[in-house]
Amino acid sequence: MAETELLIRAAELSDIPSIMELEQGSIAHPWTKSALEDLIKDPNKICCVGESDGKVVCYAGVETVLDEGNVGNIVTHKEYRGRGFAKALFTKLIEDMTAKGIEKLFLEVESDDVPALSLYGKLGFERYGLRRGYYGQGRDAVLMLKNL
Ligand SMILES: CC(C)(COP(=O)(O)OP(=O)(O)OC[C@H]1O[C@@H](n2cnc3c(N)ncnc32)[C@H](O)[C@@H]1OP(=O)(O)O)[C@@H](O)C(=O)NCCC(=O)NCCS
(Lines give C-alpha, C1' and ligand atoms only; values in the text may rest on other atoms or scores of the structure.)
Protein backbone atom coordinates (compact mmCIF):
# COMPACT_ATOMS: atom_id res chain seq x y z
CA MET A 1 0.00 0.00 0.00
CA ALA A 2 1.29 3.47 -0.86
CA GLU A 3 1.59 6.41 1.54
CA THR A 4 -1.10 8.25 -0.44
CA GLU A 5 -3.70 5.81 0.82
CA LEU A 6 -3.34 7.29 4.28
CA LEU A 7 -5.67 10.20 5.05
CA ILE A 8 -4.07 12.41 7.70
CA ARG A 9 -6.21 14.82 9.73
CA ALA A 10 -6.46 16.48 13.13
CA ALA A 11 -7.83 14.13 15.79
CA GLU A 12 -11.38 14.69 17.04
CA LEU A 13 -12.87 13.70 20.38
CA SER A 14 -14.81 10.93 18.62
CA ASP A 15 -11.43 9.31 17.69
CA ILE A 16 -10.55 8.64 21.34
CA PRO A 17 -11.90 5.05 21.49
CA SER A 18 -9.91 4.18 18.32
CA ILE A 19 -6.76 5.81 19.72
CA MET A 20 -7.11 3.94 23.01
CA GLU A 21 -7.54 0.70 21.09
CA LEU A 22 -4.37 1.42 19.07
CA GLU A 23 -2.40 2.00 22.26
CA GLN A 24 -3.46 -1.28 23.89
CA GLY A 25 -0.59 -3.73 23.69
CA SER A 26 1.67 -1.27 21.83
CA ILE A 27 2.54 1.29 24.49
CA ALA A 28 3.77 0.57 28.01
CA HIS A 29 2.06 3.65 29.43
CA PRO A 30 -1.07 4.44 27.39
CA TRP A 31 -2.64 7.86 27.78
CA THR A 32 -5.85 8.03 29.79
CA LYS A 33 -9.14 9.13 28.23
CA SER A 34 -8.92 12.51 29.97
CA ALA A 35 -5.28 13.02 28.85
CA LEU A 36 -6.37 12.32 25.27
CA GLU A 37 -9.30 14.75 25.59
CA ASP A 38 -6.86 17.38 26.77
CA LEU A 39 -4.41 16.56 23.95
CA ILE A 40 -7.15 17.06 21.35
CA LYS A 41 -8.77 20.16 22.87
CA ASP A 42 -5.75 22.15 24.08
CA PRO A 43 -4.54 24.63 21.41
CA ASN A 44 -0.97 24.14 22.65
CA LYS A 45 -1.10 20.45 21.78
CA ILE A 46 -1.31 18.72 18.42
CA CYS A 47 -2.85 15.32 17.82
CA CYS A 48 -3.10 13.83 14.35
CA VAL A 49 -4.61 10.57 13.20
CA GLY A 50 -4.18 8.64 9.97
CA GLU A 51 -7.10 6.78 8.39
CA SER A 52 -6.86 3.86 6.01
CA ASP A 53 -9.58 1.43 4.95
CA GLY A 54 -12.05 3.79 6.64
CA LYS A 55 -10.58 3.43 10.12
CA VAL A 56 -8.00 5.12 12.33
CA VAL A 57 -4.77 3.13 11.95
CA CYS A 58 -2.17 5.50 13.41
CA TYR A 59 -1.92 8.52 15.62
CA ALA A 60 0.65 10.83 17.19
CA GLY A 61 0.54 13.59 19.78
CA VAL A 62 2.82 16.52 20.63
CA GLU A 63 2.72 19.01 23.49
CA THR A 64 4.16 22.47 22.88
CA VAL A 65 5.47 25.17 25.21
CA LEU A 66 6.56 28.45 23.57
CA ASP A 67 8.89 27.40 20.72
CA GLU A 68 9.49 23.82 21.92
CA GLY A 69 7.56 20.63 21.31
CA ASN A 70 7.66 17.31 23.12
CA VAL A 71 6.50 14.23 21.27
CA GLY A 72 4.22 11.92 23.24
CA ASN A 73 3.17 8.60 21.83
CA ILE A 74 3.15 7.58 18.19
CA VAL A 75 1.54 4.29 17.27
CA THR A 76 0.66 2.47 14.07
CA HIS A 77 -1.83 -0.41 14.18
CA LYS A 78 0.09 -3.71 14.13
CA GLU A 79 -1.46 -4.81 10.82
CA TYR A 80 -0.53 -1.52 9.12
CA ARG A 81 3.13 -1.23 10.14
CA GLY A 82 5.96 -1.03 7.64
CA ARG A 83 3.92 0.89 5.06
CA GLY A 84 5.38 4.36 5.72
CA PHE A 85 2.36 5.51 7.74
CA ALA A 86 4.23 6.68 10.85
CA LYS A 87 6.75 8.52 8.68
CA ALA A 88 3.96 10.25 6.70
CA LEU A 89 2.04 11.16 9.87
CA PHE A 90 5.10 12.51 11.60
CA THR A 91 6.15 14.49 8.54
CA LYS A 92 2.71 16.18 8.60
CA LEU A 93 3.09 16.87 12.34
CA ILE A 94 6.46 18.51 11.69
CA GLU A 95 4.88 20.72 9.01
CA ASP A 96 2.12 21.75 11.45
CA MET A 97 4.62 22.52 14.20
CA THR A 98 6.85 24.52 11.89
CA ALA A 99 3.77 26.56 10.91
CA LYS A 100 3.07 27.17 14.63
CA GLY A 101 6.60 28.53 15.13
CA ILE A 102 8.01 25.52 16.97
CA GLU A 103 11.80 25.47 16.62
CA LYS A 104 12.93 22.45 18.67
CA LEU A 105 11.29 19.07 18.98
CA PHE A 106 12.22 16.71 21.84
CA LEU A 107 11.32 13.11 22.56
CA GLU A 108 12.26 10.12 24.68
CA VAL A 109 12.32 6.60 23.32
CA GLU A 110 13.08 3.29 25.01
CA SER A 111 16.65 2.28 24.18
CA ASP A 112 15.64 -1.13 22.78
CA ASP A 113 12.75 0.14 20.59
CA VAL A 114 14.53 -0.44 17.29
CA PRO A 115 11.61 0.53 14.98
CA ALA A 116 11.00 3.82 16.82
CA LEU A 117 14.73 4.67 17.05
CA SER A 118 15.08 4.01 13.33
CA LEU A 119 11.94 6.05 12.52
CA TYR A 120 13.15 9.04 14.51
CA GLY A 121 16.65 8.78 13.01
CA LYS A 122 15.15 8.81 9.50
CA LEU A 123 13.14 11.92 10.43
CA GLY A 124 16.34 13.75 11.41
CA PHE A 125 16.29 13.40 15.20
CA GLU A 126 19.68 13.23 16.92
CA ARG A 127 20.56 11.64 20.25
CA TYR A 128 21.63 14.05 22.94
CA GLY A 129 21.42 11.96 26.11
CA LEU A 130 20.35 8.84 27.97
CA ARG A 131 18.11 8.73 31.04
CA ARG A 132 18.81 5.51 32.96
CA GLY A 133 15.83 3.66 34.43
CA TYR A 134 13.34 6.13 32.95
CA TYR A 135 10.91 3.35 32.00
CA GLY A 136 11.66 1.18 35.07
CA GLN A 137 14.60 -0.84 36.31
CA GLY A 138 17.04 -1.57 33.48
CA ARG A 139 14.88 0.25 30.93
CA ASP A 140 16.57 3.39 29.69
CA ALA A 141 15.30 6.30 27.63
CA VAL A 142 17.28 7.70 24.72
CA LEU A 143 16.76 11.48 24.54
CA MET A 144 16.45 12.87 21.03
CA LEU A 145 16.14 16.33 19.50
CA LYS A 146 15.33 17.78 16.09
CA ASN A 147 15.78 21.43 15.18
CA LEU A 148 12.94 22.45 12.88
C1 LIG B 1 7.40 2.79 15.71
C2 LIG B 1 6.14 2.67 14.87
C3 LIG B 1 5.20 3.83 15.19
C4 LIG B 1 6.53 2.72 13.37
O5 LIG B 1 5.33 2.73 12.60
P6 LIG B 1 5.27 2.29 11.07
O7 LIG B 1 4.03 2.90 10.49
O8 LIG B 1 5.43 0.84 10.95
O9 LIG B 1 6.57 3.02 10.50
P10 LIG B 1 6.90 3.34 8.96
O11 LIG B 1 6.38 2.23 8.10
O12 LIG B 1 6.45 4.73 8.67
O13 LIG B 1 8.49 3.27 8.95
C14 LIG B 1 9.26 4.45 8.97
C15 LIG B 1 10.67 4.08 9.38
O16 LIG B 1 10.64 3.52 10.70
C17 LIG B 1 11.63 2.48 10.79
N18 LIG B 1 10.98 1.19 11.07
C19 LIG B 1 9.66 0.92 11.04
N20 LIG B 1 9.45 -0.37 11.41
C21 LIG B 1 10.66 -0.90 11.65
C22 LIG B 1 11.11 -2.18 12.07
N23 LIG B 1 10.25 -3.18 12.33
N24 LIG B 1 12.45 -2.36 12.27
C25 LIG B 1 13.32 -1.37 12.04
N26 LIG B 1 12.96 -0.12 11.63
C27 LIG B 1 11.65 0.10 11.44
C28 LIG B 1 12.34 2.46 9.47
O29 LIG B 1 13.44 3.35 9.56
C30 LIG B 1 11.31 3.02 8.53
O31 LIG B 1 11.87 3.64 7.40
P32 LIG B 1 12.06 2.77 6.04
O33 LIG B 1 10.70 2.25 5.69
O34 LIG B 1 12.55 3.80 5.07
O35 LIG B 1 13.00 1.69 6.35
C36 LIG B 1 5.41 1.29 15.10
O37 LIG B 1 6.38 0.25 15.02
C38 LIG B 1 4.68 1.21 16.42
O39 LIG B 1 3.51 1.58 16.53
N40 LIG B 1 5.37 0.66 17.46
C41 LIG B 1 4.77 0.51 18.78
C42 LIG B 1 4.63 1.83 19.50
C43 LIG B 1 5.95 2.54 19.69
O44 LIG B 1 6.96 1.94 20.06
N45 LIG B 1 5.94 3.85 19.45
C46 LIG B 1 7.13 4.69 19.59
C47 LIG B 1 7.34 5.19 20.96
S48 LIG B 1 5.92 6.01 21.65
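**Exercise 1. Two packed helices**

Classify how α1 and α2 lie relative to each other in this predicted model.

*Solution.*
Step 1. Pick the descriptors. Two packed helices are described by the angle between their axes and the distance between the axes.
Step 2. Find the helices. α1 covers residues 16-23, and α2 covers residues 33-41.
Step 3. Read off the geometry. The axes of α1 and α2 are 10 Å apart, and the packing angle is about 120°.
Step 4. Apply the cut-offs. Angles of 65 to 115 degrees count as roughly perpendicular, and those over 145 as roughly antiparallel. The angle of about 120° fits neither class. α1 and α2 are therefore oblique to each other.
Step 5. Add the handedness. The crossing of α1 and α2 is right-handed.

**Exercise 2. The sheet**

Work out the strand order of the sheet and find which strands are the edge strands.

*Solution.*
Step 1. Recall the basis of pairing. Strands of a sheet pair through backbone hydrogen bonds, either parallel or antiparallel.
Step 2. Write the order. Seven strands form an open sheet, arranged β1-β2-β3-β4-β5-β7-β6. The pairing is mixed.
Step 3. Find the edges. β1 (7-10) and β6 (126-131) each pair on one side only.
Step 4. Note the twist. On average, neighbouring strands are turned by 25° against each other, direction ignored.
Step 5. Check the β1 edge. β1 pairs with β2 (residues 45-52) through four bridges, in the antiparallel sense. In this pair, A10 faces C48 of β2.
Step 6. Check the β6 edge. β6 and β7 (residues 141-147) run antiparallel and are joined by five bridges. R127 has M144 of β7 as its bridge partner.
Step 7. Move inward from β1. β2 and β3 (residues 55-65) are antiparallel, with eight bridges between them. Here G50 stands opposite C58 of β3.

**Exercise 3. Positive phi**

Locate D53 and L66, and decide whether each is buried or exposed.

*Solution.*
Step 1. Set the expectation. Most residues other than glycine have a negative phi.
Step 2. Take D53. Its phi is near 50°, a positive value in a residue other than glycine. D53 sits in the loop between β2 and β3. That hairpin has two residues between the strands.
Step 3. Count around D53. The cut-off for exposed is 12 or fewer other C-beta atoms within 10 Å. D53 has 10 C-beta neighbours inside 10 Å, so D53 counts as exposed.
Step 4. Take L66. This residue is not a glycine either, yet its phi is positive, about 50°. L66 lies in the loop between β3 and β4.
Step 5. Count around L66. There are 10 other C-beta atoms within 10 Å, so L66 is exposed.

**Exercise 4. A strand residue**

Is I74 buried or exposed?

*Solution.*
Step 1. Place the residue. I74 lies in β4.
Step 2. Count. I74 has 22 other C-beta atoms within 10 Å, so I74 is buried.
Step 3. Look across the chain. A60 is 14 residues away from I74 along the chain, and their C-alpha atoms are separated by 4.2 Å.

**Exercise 5. The ligand shell**

Describe the shell around the ligand and find which element gives the most to it.

*Solution.*
Step 1. Count the shell. The ligand is surrounded by 21 residues. The closest are T76, R81, A86, P115 and L119.
Step 2. Assign elements. β4 (68-76), α3 (85-99) and α4 (114-122) each give two or more residues.
Step 3. Rank. α4 gives the most, with six residues.
Step 4. Sort by type. The shell holds ten nonpolar, six polar and five charged residues.

Conventions:
Residues numbered from 1 in each chain as written. Predicted model: local features only at pLDDT ≥ 70, side-chain atom pairs only at ≥ 80, totals over all residues. Near = placed C-beta within 6 Å. Nonpolar A, V, L, I, M, F, W, Y, C, P; charged D, E, K, R; others polar. Pairing = 2+ DSSP bridges. Axes fitted to C-alpha atoms, helices over the stretch in contact; angles between N-to-C directions. Buried ≥ 20, exposed ≤ 12 C-beta atoms within 10 Å, placed from the backbone. Parallel < 35°, antiparallel > 145°, perpendicular 65-115°, else oblique. Left-handed = near helix turned anticlockwise from the far one by under 90°.
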